[in-house]
Amino acid sequence: MFKKFVLAAAISQLLVLSAFAQTTRADVKKEAASAVKSGAVEKGEATVAPKVKSTKVRTDVKKEAAAAEKAGTIEKGEVSATPKTKSTKVRADVKKEAASANKAGTISKGEGPAK
């Protein structure tokens, strides 16, 4: 009984190994060449998503972009994550504060701390 079990295990191992036998380099090259020839392999940086054709006319898109830019919904240049804030002070007051801080020595010069 034990001999039959060992024999069955050995035969199953041979069948498994033959099923997973590697193909030769020449076979792989032939498969690759036929795939390239049939168009199954994309060249360069392949994209999976198909290209979408626009349904709008170019002039309409340009008009929409101009309107959005005029409305302020399109950012220009490098977009920052923090929104710009408007100052509530008058320019003259800010200049006076800066001059007095400079005179008092609280504004640091260079990269060091204020002296």
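Colleague: Let me start with one residue: is E97 buried, partly exposed or exposed?

Modeller: Happy to begin there. Relative accessibility sorts residues into classes, with buried under 20% and exposed over 50%. E97 has 42% relative accessibility, so it counts as partly exposed. Do keep in mind that this is a predicted model.

Colleague: Which residue does the side chain of E97 meet in a salt bridge?

Modeller: The general idea is to look for a side-chain nitrogen of Lys or Arg within 4 Å of a carboxyl oxygen of Asp or Glu. Here the side chain of E97 pairs with that of K89, at 3.0 Å from N to O. K89 is partly exposed too, because its relative accessibility is 46%.

Colleague: And how many salt bridges does the structure hold?

Modeller: There are two. Besides the pair of E97 and K89, the side chains of E64 and K56 form a salt bridge at 3.1 Å, N to O. E64 comes out as partly exposed because its relative accessibility is 44%, and K56, at 46%, is also partly exposed.

Colleague: Back to E97 for a moment. Which side chain reaches its backbone oxygen?

Modeller: A helpful idea for reading helices is that an α-helix has 3.6 residues a turn, so residues three or four places apart point the same way. In this model, the side chain of S100 reaches the backbone oxygen of E97 at 2.9 Å. S100 lies in helix α4, and it counts as partly exposed because its relative accessibility is 44%.

Colleague: Nice. What does the secondary structure of the protein chain come to?

Modeller: Four helices and zero strands. Reading from the N terminus, the order is α-α-α-α.

Colleague: How would I check the span of a helix, say α3?

Modeller: Compare the distance between its end C-alpha atoms with the span expected at 1.5 Å a residue. Helix α3 covers residues 58–71; its 14 residues should span 20 Å, and its end C-alpha atoms are 20 Å apart, so the two agree. Helix α2 (residues 25–38) also has 14 residues and reaches 20 Å, close to the expected 20 Å. For α4, again with 14 residues, the reach is 20 Å, close to the 20 Å expected.

Colleague: What should I look at just after α2?

Modeller: Look at the sign of phi in the residue that follows. G39, just after α2, has a positive phi of about 90 degrees. After α3 comes G72, with a positive phi near 90 degrees. Just after α4, G105 takes a positive phi of about 85 degrees.

Colleague: Which element has the lowest mean pLDDT?

Modeller: Think of pLDDT as the predictor's confidence in each residue. Helix α1 (residues 2–19) has the lowest mean among the elements, 62, while helix α4 (residues 91–104) has the highest, 92. Over the protein chain the mean is 78, with 72% of residues reaching 70 or more.

Colleague: Finally, what share of the protein chain do buried residues make up?

Modeller: Just count the residues under the 20% cut-off. Buried residues make up 2% of the 115 in the protein chain. The chain exposes about 11800 Å², and carbon and sulfur atoms supply 61% of that area.

Note on methods. Residues are numbered from 1 along each chain as its sequence is written. This is a predicted model: local features need pLDDT of at least 70, side-chain atom pairs count only at pLDDT 80 or more; totals for chains, interfaces and linings use all residues. Side-chain values use heavy atoms; hydrogens and water are left out. Buried means under 20% relative accessible area, exposed over 50%, partly exposed in between (1.4 Å probe, protein chains only). pLDDT is the predictor's confidence in each residue, from 0 to 100. Helices (H or I, at least four residues) and strands (E, at least two) are DSSP runs, numbered from the N terminus. The expected span of a helix is 1.5 Å times one less than its number of residues. Accessible areas come from the Shrake-Rupley method with a 1.4 Å probe; for residues, only the protein chains shown count as cover. A polar contact is a pair of N or O atoms within 3.5 Å; within protein, one must be able to donate a hydrogen and the other to accept it, and residues adjacent in sequence count only if both atoms are side-chain atoms.
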